[in-house]
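User: I would like to learn how to read the relation between two chains and then a sheet. Please start with the symmetry.

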Amino acid sequence: MNPQQHINIPKILQTLRETRPIIHHITNYVTVNDCANVTLAIGAAPVMAHAKEEVSEMTSISSALVLNIGTLDPAQIESMLIAGKTANEKNIPIILDPCGAGATTFRTETAKKLIEQLNITIIRGNAGEIATLAELEAEVHGVETGKIQNTPEQIAQTLAEKTGSTIIITGKEDIIADKTTTYKLRNGSPMTGKITGGGCMTASITASFASIEKDPVIAGIAALTCFGIAQQLAEKISRGPMEYHINLFDELYNLTPEKIKDHQNYEKIR
Amino acid sequence: MNPQQHINIPKILQTLRETRPIIHHITNYVTVNDCANVTLAIGAAPVMAHAKEEVSEMTSISSALVLNIGTLDPAQIESMLIAGKTANEKNIPIILDPCGAGATTFRTETAKKLIEQLNITIIRGNAGEIATLAELEAEVHGVETGKIQNTPEQIAQTLAEKTGSTIIITGKEDIIADKTTTYKLRNGSPMTGKITGGGCMTASITASFASIEKDPVIAGIAALTCFGIAQQLAEKISRGPMEYHINLFDELYNLTPEKIKDHQNYEKIR
Amino acid sequence: MNPQQHINIPKILQTLRETRPIIHHITNYVTVNDCANVTLAIGAAPVMAHAKEEVSEMTSISSALVLNIGTLDPAQIESMLIAGKTANEKNIPIILDPCGAGATTFRTETAKKLIEQLNITIIRGNAGEIATLAELEAEVHGVETGKIQNTPEQIAQTLAEKTGSTIIITGKEDIIADKTTTYKLRNGSPMTGKITGGGCMTASITASFASIEKDPVIAGIAALTCFGIAQQLAEKISRGPMEYHINLFDELYNLTPEKIKDHQNYEKIR
């Protein structure tokens with residue numbers, strides 16, 4: 001074990017599993033089932049509710065709120081704002097996944113509105129989405145990253161400074177940055193790009209950790225490390241993307257302190 | 001085979017597979033794909049339709065109607081009432097899954113409204129949800145059961161008496177009760193709690209059996225026994241929740257009279 | 001290799017994988033996750049967006065548009081018309097899946113309205129759905145085909161003549177017809193009928209091919225051949241429908257020129 005890697009991720013995971021926090025999701029209908037199952041696999045309890053009639057009450061009984069704009073519409077935005085305000089009042093962390101920001105004006109504007117009107121704890125996106133929100137040049141290919149001008153760490157730091165939120169960029173290497181600190185993480189598998197929902201699941205796992213770990217940077221490191229190691233272990237035993245998809249959940253469920261210590265790979269770069 | 005276990009479940013299953021009844025679902029977007037696939041695996045034909053413009057016509061051509069409030073909103077409630085009234089007029093059985101009743105006022109009130117305004121054949125929930133509707137004390141942890149004061153059989157019997165519906169409570173042991181009779185069932189696996197949709201799938205399977213078996217208690221026993229045995233067989237060959245999830249469907253699909261007779265485990269307790 | 005089978009499907013597949021076209025879906029919430037994953041497995045990039053605020057812009061950046069009415073409502077129809085008009089203006093192919101046409105008036109009328117108001121490149125359905133739209137006698141069992149009077153090739157040709165669109169009927173044998181030409185294809189597996197989403201996935205794959213191959217008949221042949229061969233290979237190694245479902249994606253992902261040449265089975269019948 002690298003002495004630089006000072007965070008006791010196994011202990012945080014154990015606390016998460018003992019606490020079994022409720023994670024409220026207002027999210028897209030494409031990957032919502034994966035989000036629910038990945039939240040269960042890491043040890044938390046998912047709830048999904050989108051009606052403005054109940055989102056405030058559902059958030060109140062939850063320990064974290066995930067907002068994902070993957071298939072947004074005006075009614076959903078209204079509900080996200082209602083739930084988000086309740087979360088802010090009650091100091092419940094909000095994790096925003098600006099899925100597809102940069103692909104359409106509606107998505108970009110919605111993500112910006114949520115960031116403006118709510119106090120977002122963590123924003124998780126790919127480099128293109130985060131660059132769009134940071135108002136740096138970027139190309140977004142549908143919901144995937146196209147060409148970008150800046151490094152992921154520059155992009156994350158720029159948006160962290162602009163918003164005060166902790167920023168997570170997932171990609172070949174993952175970046176976590178707040179205003180003062182940046183980490184680079186090297187777990188994960190390229191197979192995640194061959195299935196839908198990799199980013200959305202990252203947001204659900206991050207929310208699960210953020211619900212029991214006050215420091216969003218540490219929560220993010222724990223989340224990306226656990227999910228990234230599960231990806232590496234799943235990749236080794238899978239003959240295609242859908243077998244990988246199945247193994248991903250089961251490796252996450254079967255994660256042990258030993259596997260975490262053997263594979264964790266993050267460093268502070270600022 | 002226990003001589004107490006007098007119901008010819010293999011025969012009912014065979015009839016179901018030969019009839020291939022259409023099961024109309026108005027349900028949540030989290031587990032809807034699982035509901036469709038589990039309905040196919042047991043031998044019925046799922047249809048999903050939620051628009052008020054078509055739910056009455058879709059129910060008319062169906063042999064059972066599933067109402068599941070897992071991700072409800074006002075438009076969906078309106079459609080549930082329209083479809084439910086058609087089902088009642090045409091003597092098509094309705095299976096209600098009050099998913100999350102007790103978690104928010106909106107869910108509790110909606111479940112009560114559906115029970116009041118419709119003639120529900122079977123209500124399927126966990127102990128917390130059913131206790132909420134029976135107005136007994138209960139704690140609901142998101143969409144999961146928290147602490148409850150009464151035994152599941154007391155809870156089921158209370159709601160059966162209040163509503164006239166047949167009540168199914170799924171949990172460590174399953175309970176089926178109507179006004180006069182109660183059964184306890186001991187098939188199933190704790191792995192079902194590690195995936196999302198276990199309850200929703202139970203409702204779909206129950207609806208499939210209720211569409212061809214007039215006695216809701218017998219339909220419920222057949223459904224819980226078949227699904228419970230599939231769970232036990234899947235658990236034995238699965239290394240994690242998602243492999244279990246896959247095997248669950250395939251064990252259900254491959255269920256034989258022999259497997260049912262070897263594993264069925266229910267008793268009349270009232 | 002049959003010398004009649006003159007289309008270089010491996011080359012078209014290679015172009016598709018190198019191009020990685022964006023495929024915009026406005027589709028149902030039952031099988032949307034499968035549609036996204038199958039689009040990735042064949043080598044394209046799925047996006048899903050349904051809000052009228054963004055569908056035109058999302059279609060503009062896409063290379064094909066899938067319209068699937070599996071869980072339609074009036075707001076979705078409005079968005080389909082908006083997206084479809086943009087697609088027509090920009091010469092982006094539209095693939096319509098009239099899921100459940102014939103089951104309810106709402107579905108039949110909606111499918112007809114889309115065909116009337118838009119220039120649809122390819123319509124993909126089962127024999128019952130296509131017969132309904134061709135105004136031939138047919139029985140639709142929920143979203144499945146019941147008894148039909150005409151042969152699939154007659155049905156496909158009738159609708160092709162009526163609409164000018166290329167028609168694909170999937171079933172025991174698949175048919176592709178335009179006004180002048182008809183092909184019969186014999187790849188595929190009956191296991192596809194045991195899972196939900198087989199038809200929807202066919203539409204996504206067809207859209208992926210149509211986005212890079214101008215001739216809709218050739219695009220359809222490539223799509224049905226690739227998906228059909230994946231089905232046959234998956235069937236051989238699967239013990240039930242859900243294992244089959246997993247293997248289906250992975251066989252599609254792992255498809256090679258050799259596998260295509262060894263198994264392709266189509267003929268021109270008109």
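Analyst: Copies are superposed by least squares on the C-alpha atoms of residues with pLDDT of at least 70 in both. This is a predicted model, in which local features need pLDDT of at least 70, side-chain atom pairs count only at pLDDT 80 or more, and totals for chains, interfaces and linings use all residues. Residues are numbered from 1 along each chain as its sequence is written, and chains are lettered from A and ligands numbered from 1 in the order in which they are written.

User: Which residue of chain C comes closest to the rotation axis?

Analyst: Two copies of a chain are related by a rotation about an axis and a shift along it. Here a turn of 120° and a shift of 0.0 Å along the axis lay chain C on chain B with an RMSD of 0.0 Å. That is the relation of a three-fold axis. C:Tyr29 comes closest to this axis among the residues of chain C, its C-alpha at 3.6 Å.

User: How many residues of chain C are in contact with chain B?

Analyst: Contact requires C-beta atoms, placed from the backbone, within 7 Å. By that rule 26 residues of chain C touch 25 residues of chain B. H10(C) gives the largest share of chain C's side, four residues; helices here are DSSP runs (H or I, at least four residues) and strands likewise (E, at least two), numbered from the N terminus.

User: What is the strand order of the open sheet in chain C?

Analyst: Strands pair if DSSP finds at least two bridges between them. The nine strands run E2-E1-E3-E4-E5-E8-E9-E10-E11 in chain C, with mixed pairing. E2 (45-48) and E11 (266-268) of chain C each have a single partner strand, so one side of each is left without a neighbour in the sheet.

Technical notes. Contact = placed C-beta atoms within 7 Å.
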